[in-house]
Amino acid sequence: PCGLSPQLAKTTCPYCGVGCGVDIRVETDDISKERNLTQLKGTADHPANLGRLCVKGSKLLETNSLDGRLLNPTINNRTVSWQEATQHVATKFKQIIEQYGPGSVAFYVSGQLLTEDYYVANKLMKGYIGTANIDTNSRLCMSSAVSAYKRAFGADAVPCNYEDLECADLIVFIGSNAAWTHPVLFQRIEQAKKRNPDIKIVLIDPRQTGTGELADLHLAIKSGTDTALFNGLLQYLKQQDSLDQQFIEASTQGFDAALENAKEWSVERVSEFCDIPQEDVEAFYSLYAKSQRTVSAYTMGVNQSSSGTDKANSIINCHLATGKIGKEGCGPFSLTGQPNAMGGREVGGLANMLAAHMDIDNPEHRALVQSYWQSPAIPSQTGLKAVDMFDEIQQGKIKAIWIMATNPVVSMPNRGKIESALKKCEFVVVSDCVAKNDTLALADVALPATGWSEKNGTVTNSERRISRQRGILPPPGQTKHDWQIICDVAKAMGYEKGFNYLHPAEIFREHAGLTGFKNTGDRALDLSTLQSLSDEEYNNFKPVQWPLNAQNPKGTARLFTDGKFYTASEKAHFIVTQPKAPEIVVSSEFPFVLNSGRIRDQWHTMTRTGKTAELTGHIDRAFLHMHPLDAERQGICEGDFVELMSSSSEMHNDTRTGSKVIMPVKLQTQQRRGELFAPIHWSATNSSSSAIARLYSDAKDPLSGQPELKHTPVKVELC
Ligand code: SF4
């Protein structure tokens with residue numbers, strides 16, 4: 001139109017780990033220079049989505065308003081200048097560190113941050129403050145998958161990619177409702193199945209879900225019994241002579257012990273233990289044994305468990321036993337939930353890692369990172385993982401926390417305890433792009449950050465593909481990019497030298513350079529060819545999958561194609577696993593198992609997706625799925641409001657919003673008897689008493705620290 005200059009901007013969707021490319025038409029008023037985003041579509045040549053978008057992604061422009069944005073820094077709700085806020089945060093952190101030591105402070109960050117933001121946060125905490133007390137909400141999402149990959153492969157390395165899902169002849173979804181949580185990836189699978197109806201799909205999930213509509217077989221296993229199912233599969237594969245002996249001998253170790261351990265899991269025993277018909281167990285095992293190309297795709301149903309790492313390893317064991325890894329259409333595939341859960345792992349955003357996938361407990365790695373950063377410190381011990389971090393706040397050991405781009409009061413288990421910990425904490429800083437949420441309500445200092453369409457940097461999706469998120473609109477109000485906020489505080493703390501970046505490209509180059517030190521050959525992550533990227537090349541960066549180095553200059557679609565792994569012996573490890581009961585089991589007082597998860601059209605606490613009726617129209621209120629026979633026994637009818645209580649919610653009474661969760665019941669014949677399901681999106685801020693995090697206990701996987709969010713014993717009473 002007259003007076004407007006249209007332009008096309010390429011960025012990525014900020015929601016799930018599929019990491020879809022998005023093209024946006026930008027119109028700039030020639031006189032005022034104001035930019036408007038006028039049209040949006042999927043990027044045709046982005047390898048993750050090939051032009052597709054799901055309903056959440058397609059409504060990004062409708063939800064991209066300044067309503068509800070945090071636009072100014074505040075101290076105790078008083079608007080202040082950036083200089084005052086930055087100085088205040090730096091001074092308080094320094095005082096507390098001087099008085100109580102580096103271990104008395106912590107950062108809790110997020111898979112919503114861009115890789116560059118994550119990198120500087122990690123550098124400040126580990127290299128300058130000198131503690132590893134930085135953890136991320138990705139701990140709640142995929143840390144069990146990481147632990148399992150590291151145990152099996154020696155590295156946090158996702159072996160396969162989205163194309164493998166399209167060319168598999170068997171896709172096994174385990175604890176994943178990809179139809180709702182990874183919709184574009186699921187669309188790709190739907191189309192692949194349309195093209196080739198011989199592709200078989202198996203869903204392993206206590207619930208029937210949208211994903212089940214495409215499945216040839218649904219195993220509605222009893223919650224938490226996955227390891228028994230996969231141990232039984234290993235045993236069956238041996239009995240059917242379906243093992244790849246050559247691969248086992250050449251590329252793995254520990255097979256005999258794993259097989260011996262699986263021996264007791266006959267089909268009959270699995271059927272009884274998992275509470276599913278024997279013929280269904282046999283049907284699944286037979287499909288797996290006959291398949292030449294199998295991908296096992298798993299998410300929170302596996303990871304969010306007090307034995308999530310073992311569950312993931314029991315799945316990986318079956319791929320190793322059949323050689324279904326490192327080949328087209330094969331692999332154990334952990335689908336990440338958040339847009340940059342993997343990018344955060346790359347730069348050390350977990351308390352038990354250093355940057356560039358290096359290990360805190362490896363002295364060579366510590367020396368290398370410290371020398372690369374020329375930093376005054378490097379921790380020799382792992383830091384506190386999310387649940388332990390908030391425990392230590394509650395106990396008064398951590399006295400200052402900086403929470404970035406996440407809302408732990410809603411998402412962490414045991415809401416009452418998180419709230420009480422943050423109230424007790426001497427100094428709470430929250431940087432976010434929204435003005436109001438349950439965690440900001442408890443902040444001493446609120447720092448306004450840029451959001452999607454304003455932020456500029458990189459993200460890594462579930463298949464190791466790095467893409468650009470581009471800053472298209474100028475930062476509104478007084479907002480700053482997260483990396484700038486962190487660097488400004490670092491400089492105000494006296495760490496001028498390490499944080500003088502002017503552009504995220506500088507941070508990215510530094511990060512890429514650090515991945516290139518591979519004297520020991522022990523890490524998959526390698527971006528070394530990107531360390532000399534010019535600013536222009538960074539701006540025009542096209543999506544690419546790591547490792548990316550001299551041998552693989554165009555990136556690497558699939559890992560382990562040569563049968564070599566990142567362990568000392570270069571062999572993959574079978575892990576002996578046995579099913580473990582959830583840490584807290586049902587009792588006569590708390591007889592139902594509450595499962596929880598996402599709904600199709602909402603994201604996290606709905607701060608963005610809650611802004612348009614087109615998304616809230618799908619499901620506009622929280623609900624509790626319950627089997628009709630369970631409801632009848634309790635005298636509950638469709639639509640009745642019920643109160644949910646758990647042992648944790650009773651123990652930690654949530655003073656602001658009460659200890660009970662109240663929801664209307666939806667009767668659901670496909671819900672397992674004795675098990676319930678509720679969505680995670682509702683919080684106190686969005687006017688609901690349906691924030692279920694107050695019901696979750698602190699139970700967590702001892703290896704990964706991932707909380708058990710899929711198995712909470714509760715009681716249900718009519719309101
Ligand atoms: Fe965004 Fe995920 Fe939907 Fe793609 S599938 S458009 S990344 S929410």
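Strand 8, spanning residues 170-174, is mostly covered in this predicted model, with five of its five residues buried. Burial extends to both faces of the strand: Leu170, Val172 and Ile174 lie on one side, and Ile171 and Phe173 on the other. In a regular strand the side chains alternate between the two faces of the sheet. Strand 8 pairs in the parallel sense with strand 9 (residues 200-204), over five bridges. Five bridges also connect strand 8 with strand 12 (residues 294-298), again in parallel orientation. Ile174 participates in both registers, standing opposite Ile204 in strand 9 and opposite Tyr298 in strand 12.

Ile171 of strand 8 also figures in the nonpolar interior. The largest nonpolar core comprises 209 residues, and those with the most contacts inside this core are Ala121 and Ile171. Helix 3 (residues 115-129) gives the most to the core, contributing eight residues. When neighbours within four places in sequence are left aside, the contacts of Ile171 are Leu165, Ile189, Ile199, Ile201, Val295 and Ala297.

A further element of the fold is an open sheet of seven strands, with mixed pairing and the order 5-4-16-15-14-6-7. Its edges are formed by strand 5 (78-79) and strand 7 (134-136), each of which pairs on one side only. Strands of a sheet pair through backbone hydrogen bonds, either parallel or antiparallel. Within this arrangement, strand 6 (residues 105-109) and strand 14 (residues 400-404) run parallel and are joined by four bridges. Tyr108 stands opposite Ile403 of strand 14.

At the level of the whole chain, the secondary structure amounts to 25 helices and 26 strands. The radius of gyration is 24 Å, close to the 27 Å given by the globule rule for 719 residues, so the chain is as compact as a globular protein of that length. Taken along the principal axes, the C-alpha atoms fill a box of roughly 70 × 65 × 60 Å. Buried residues account for 58% of the 719 residues. Of the contacts between residues at least 6 apart in sequence, 75% join residues at least 24 apart.

The surroundings of the ligand comprise 13 residues, of which Cys13, Cys16, Cys20, Cys54 and Gly57 come nearest. By class, this shell contains nine nonpolar, three polar and one charged residues. Helix 1 (55-58) and helix 7 (183-195) each supply at least two residues of the shell.

Several backbone features occur in loops. The peptide bond from Trp546 to Pro547 is cis, with omega near 0 degrees, and Pro547 is placed in the loop between strand 19 (544-545) and strand 20 (572-573). Two residues other than glycine have positive phi values: Asn76, with phi near 45 degrees, and Arg464, with phi of about 65 degrees. Asn76 belongs to the loop between strand 4 (74-75) and strand 5, whereas Arg464 is found in the loop between strand 17 (457-460) and strand 18 (465-469). Their environments are as follows. Asn76 counts as exposed because 10 C-beta neighbours lie inside 10 Å, a number falling under the criterion of 12 or fewer. Arg464, in contrast, is buried, with 25 other C-beta atoms within 10 Å, which satisfies the criterion of 20 or more.

Technical notes:
Residues are numbered from 1 along each chain as its sequence is written. This is a predicted model: local features need pLDDT of at least 70, side-chain atom pairs count only at pLDDT 80 or more; totals for chains, interfaces and linings use all residues. A residue is near a molecule or strand if its C-beta atom, placed from the backbone, lies within 6 Å of it. Ala, Val, Leu, Ile, Met, Phe, Trp, Tyr, Cys and Pro count as nonpolar, Asp, Glu, Lys and Arg as charged, and the others, Gly among them, as polar. A nonpolar core is a set of buried Ala, Val, Leu, Ile, Met, Phe, Trp, Tyr and Cys residues joined through C-beta atoms within 7 Å. Two residues are in contact if their C-beta atoms, placed from the backbone, lie within 7 Å. The radius of gyration is taken over C-alpha atoms; the globule rule is 2.2 Å times the number of residues to the power 0.38. Two strands pair if DSSP finds at least two bridges between them.
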